[in-house]
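Visitor: Could you take me through a close look at a single part of this predicted model, the place where the metal is held, and then follow the contacts that lead away from there? I am in my first year, so please go step by step.

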Amino acid sequence: MAWTPQSWRDYPSTQQPVYPDQAALGRTLDELRALPPLVTSYEIESLKSQIAESARGDRFILWGGDCAESFADCNSSAIAAKLKILLQMSLVLVHGTRRRITRIGRFAGQYAKPRSAMTEVRDGVELPSFRGDNVNRPEFTLAARTPDPALLLRGYERSALTLNFIRALVDGGFADLHHPENWDLAFVKHSPLAAEYQRMVDSIGESLRFMETLAGGTITQMQRVDFYTSHELLVLDYEAALTRQVPRREGWFNLSTHIPWIGMRTNAGDGAHIEFCRGIRNPVGVKVGPGTTPDALLATIRTITPDNEPGRVVLITRFGAHAIGRGLPPLVAAVRDAGLHAAWVCDPMHGNTETVVPTGGPWAGKSVKTRKFGHILAEVEQAFEIHRAAGTALAGVHIELTGEDVSECTGGARGLSDDDLSRAYRSQVDPRLNYEQALELAMLIARRAN
Ligand code: PEP
Ligand code: CO
């Protein structure tokens, strides 16, 4: 069957909002189709070649951000904080792994969420589930929960605003080692990790000054650090409206983001999301978990890239610390033995979500969704071991984190307990590592990756 940006409509699709006002949806999509793209094909191709390098073990991908972005958090401090933690983690990883790092944010478009139920019932009232800020609104009223196509435009605009600020910060030297304020640890100063982190920053700074003395000037090449964007490929109407052909390049590019990924709930081999990804030139992430069989995985890879293009498919595995040991090795062996190119990235978050009931503090007796730092670390460590044993490379990690001091995951150097969760639990969706936990994870990964 020939592919077009609309051919996914002939395939079974899940997780699509039902818009009662189809005429309004049509007008919105026309408007989106006429607006400029958010990213360029040039950037997409360069990310693809970096992913191919990481699949060979020559690079490491640091992929992270919120479970869901919210329109309210499209502000200067939240964006800068996210950039800063990703930058600091990548510095630690460069230092520890001696590999180049590719940074991908779950930002500038991560506004739609998959839901396990179409509707939510409260006190006998049934309304559509909240699906993220670019689909509907969280309040429990019919007006708020009815999918509103105008929100797709608001999401596009906030993606553009976010990206504009990120590009300006990067161009303005935010990631430059000559700007020590961006490498400083703010509230983690008293953390057990601070001294080790400071040593790394100092040692990189010294190497840079040494090279600059040799070169007799500032090494500008090293000042530029790129960030790529990603979000879950969910609302296909939106993605199709931003999928374009560009001059002097073959094929179609989804110019809403550099790398979209297909989530666990939409990764069916015969489904609309895989069909959509078949025809775009972007690298594509596919979530892989306990329900994925070797045959289904091989079929998915072959559908997305019949010509076995390096860098095109990223397999994001999310089994949970207790299941990865059994689940991952047969999949790695199958892909390796079939000679298929794929970059393996470990998502140690989504298989490790659990519900706890704090016994003390303001939330005593209440059920809270959390993740344990120890489980997250254990899944990454096992991923390294499994790939080492199979002769493949762990190409990177995919993490839900924030640059702020939240209390959503337990454990870590400061030993956050279940009773501490109430202090600053802000996520509407999945629990994220806070600034200090995220940096600690990077340090432990850096030690392990050597
Ligand atoms: C996510 O990455 O936020 C997500 C929903 O993950 P998964 O599809 O793996 O459950
Ligand atoms: Co999530």
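Guide: Glu 400 and Asp 430 are both buried. In this predicted model, the two residues belong to distant parts of the chain, since Glu 400 sits in strand S14 (residues 394-400), whereas Asp 430 is found in the loop between S14 and helix H12 (435-448), 30 residues apart from Glu 400. Both serve as protein donors of the cobalt ion (ligand 2), together with Cys 67 through its SG atom and His 350 through NE2, and these donors lie 2.1 to 2.4 Å from the ion. Along the chain, the donors of the cobalt ion (ligand 2) are spaced as C-x282-H-x49-E-x29-D.

Glu 400 and Asp 430 also take part in a network of salt bridges with shared partners, which joins them to Arg 106, Lys 369 and Arg 371. The model has 29 salt bridges in total, and a few others show how such pairs can be placed. Arg 448 and Glu 385 meet through their side chains, with 2.9 Å from N to O; because Arg 448 lies in helix H12 and Glu 385 in helix H11 (residues 373-390), this pair ties together parts that are 63 residues apart in sequence. Arg 448 counts as partly exposed because its relative accessibility is 27%, and Glu 385 counts as partly exposed because its value is 35%.

Another salt bridge is formed by Arg 281 and Glu 309, whose closest N and O atoms are 3.4 Å apart. Arg 281 is in the loop between helix H8 (272-278) and strand S9 (284-288), and Glu 309 is in the loop between helix H9 (294-304) and strand S10 (313-317), so the pair ties together parts that are 28 residues apart in sequence. Here Arg 281 is partly exposed, with a relative accessible area of 25%, while Glu 309, at 17% relative accessibility, counts as buried.

Let us return to the cysteines, where one of the metal donors appears again. The structure holds 0 disulfides. Cys 277 is in no disulfide, as the nearest cysteine sulfur is that of Cys 67, 19 Å away, and Cys 277 is buried, with a relative accessible area of 0%. Cys 346 is likewise in no disulfide, and the nearest cysteine sulfur to Cys 346, that of Cys 409, is 14 Å away; Cys 346 is also buried, with a relative accessible area of 0%.

Key:
Residues numbered from 1 in each chain as written. Chains lettered and ligands numbered in written order. Predicted model: local features only at pLDDT ≥ 70, side-chain atom pairs only at ≥ 80, totals over all residues. Heavy atoms only, no water. Disulfide = S-S within 2.5 Å. Buried < 20%, exposed > 50% of the residue type's maximum accessible area, 1.4 Å probe, protein only. Donors = N, O, S within 2.8 Å, 3.2 Å for Na, K, Ca; no water. Helix = DSSP H or I, 4+ residues; strand = E, 2+ residues; numbered from the N terminus. Salt bridge = Lys/Arg side-chain N within 4 Å of Asp/Glu carboxyl O.
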